[in-house]
Amino acid sequence: MGILNVTPDSFSDGGDFRGKEQAIEQALKMVEEGADIIDIGGESTRPGHEKISADEEQKRILPVIEGIRKYSDCVISIDTYKSSTLEKALEAGGDMANDIWGMMKDEKMADIVVKHRCPVVLMHNKDNNHYDNLMEDMVMELQKIIDDALNQGVKRDQIIIDPGIGFALSYEKDLKVLEKLDEIVALDYPLLIGTSRKRFIGRATKVDIAKDRVIGTCATTVWGRMKGASIFRVHDVRANKEALDMVEAIMKGGQYGSN
């Protein structure tokens, strides 16, 4: 999943692809490099980000979705927690929802997901980082988000889960969730992880500039695949795709033509 932020203030690429043509070109480049999904976001979700209206969000993303769809049949994911934005984005050619609040912020989100029968990423998130027992609490809270979605008519095969690494977690907790990722995989839903260029990688590798955290990101991608994750939300598609191809070859025991 290639990240396409059409925002002025995202933490590592804010302002890079604000122009429609620039954004479309970047999306097509990521597809060429191996992205199966392009995740388009019009509002930054970095710590301390400025919230924007649904109208402003739609002005940023809808022309880009329409432009990508003219050139590619890749899966287009909409990174939003607003139901009105999701519906218009799906009508413009989008395919799936990626909600950082697990459909808990906008009560109409589930209605749109059910109406369009689109896949939805339900991310674990909260307004604090307090846990009595990190993994037990996270699994329980993710299960509640899943149950709420199912109770609102979302089908099991529409759901993808995301532990929310880099959101309601500290440095140590980010690392612990990655270490124990198999406990979330045990919920038996496709698992997405979004570690790309994040602050905890910079701290662990002593790389201050977010765009330079490619190697650290690739390490988390490989680790995540070995632990059972299946979707990887990244800025640097080519590097992460090559890392995944290598780990897939190893996991398949050399079935790529070796004797």
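## A walk from helix α4 outwards

Let's start at helix α4, which spans residues 109-116 and has Met109, Ala110, Ile112 and Val113 as its buried residues. These four sit on the same side of α4, because the arc they cover around the axis is only 160 degrees. (That arc is taken from the directions from the helix axis to the C-beta atoms.) The general rule behind such a pattern is that an α-helix has 3.6 residues a turn, so residues three or four places apart point the same way. "Buried" here is under 20% relative accessible area, "exposed" is over 50%, and "partly exposed" is in between, using a 1.4 Å probe and protein chains only. Helices (H or I, at least four residues) and strands (E, at least two) are DSSP runs, numbered from the N terminus.

Before going on, a word on the model: it is predicted, so local features need pLDDT of at least 70 and side-chain atom pairs count only at pLDDT 80 or more, while totals for chains, interfaces and linings use all residues. Residues are numbered from 1 along each chain as its sequence is written, and side-chain values use heavy atoms, with hydrogens and water left out.

Back to α4. The cover over its buried residues includes α3 (83-91), β4 (96-99) and β5 (120-123), where contact means heavy atoms within 4.5 Å. Just after the helix comes arginine 117, with a positive phi of about 45 degrees.

Now step across to α3. Its buried residues are Ser83, Thr85, Leu86, Glu87, Ala89 and Leu90, and they pack against α2 (54-71), β3 (75-79), β4 and α4. A good one to click on is threonine 85, which lies in α3 and counts as buried because its relative accessible area is 0%. Leaving out residues up to four places away in sequence, threonine 85 touches Ala54, Glu57, Gln58, Ile61, Ile78 and Thr80. Its C-alpha is 9.7 Å from that of methionine 109, although the two are 24 residues apart along the chain. Just after α3, glycine 93 has a positive phi of about 125 degrees.

Strand β5 has a buried residue to look at too: valine 121, at 0% relative accessibility. Not counting neighbours within four places in sequence, valine 121 is in contact with Met96, Ala97, Asn98, Asp99, Ile160, Asp162 and Leu192. Lysine 70 is 51 residues from valine 121 along the chain, and their C-alpha atoms are separated by 25 Å.

What about the cysteines? The structure holds 0 disulfides. A disulfide is a covalent bond between the sulfur atoms of two cysteines, and the cut-off used here is a pair of cysteine sulfur atoms within 2.5 Å. The sulfur of cysteine 74 has its closest cysteine sulfur in cysteine 118, 16 Å away, which is too far for a bond. Both side chains are tucked away: cysteine 74 is buried at 7% relative accessibility, and cysteine 118 is buried at 3%.

Next, the empty spaces. On a 1 Å grid over the protein atoms alone, a cavity is a set of points where a 1.4 Å probe fits but cannot get out, a pocket is an open set with protein on both sides within 12 Å along at least five of seven lines, and lining residues have an atom within 4 Å of a point. Grid points are joined across faces, edges and corners, and a volume is the space filled by probe spheres set on the points.

There is 1 cavity of 30 Å³ or more. The largest cavity has a volume of about 50 Å³, and its lining is Glu43, Thr45, Glu57, Asp79, Thr80, Tyr81, Lys82 and Ile100.

The second largest pocket holds about 330 Å³ of space. Of its 17 lining residues, Met1, Asp36, Ser230, Phe232 and Leu244 lie nearest the centre. Two elements, β8 (231-232) and α10 (237-251), give two or more residues to this lining, and α10 has the largest share, with 6 residues.

Finally, two loop residues. Aspartate 188 has a positive phi near 70 degrees without being a glycine, and its place is the loop between α7 (181-185) and β7 (192-193). At 53% relative accessibility, aspartate 188 counts as exposed. Lysine 206, also not a glycine, has a positive phi of about 60 degrees. Look for lysine 206 in the loop between α8 (199-205) and α9 (214-227), where it is exposed, with a relative accessible area of 72%.
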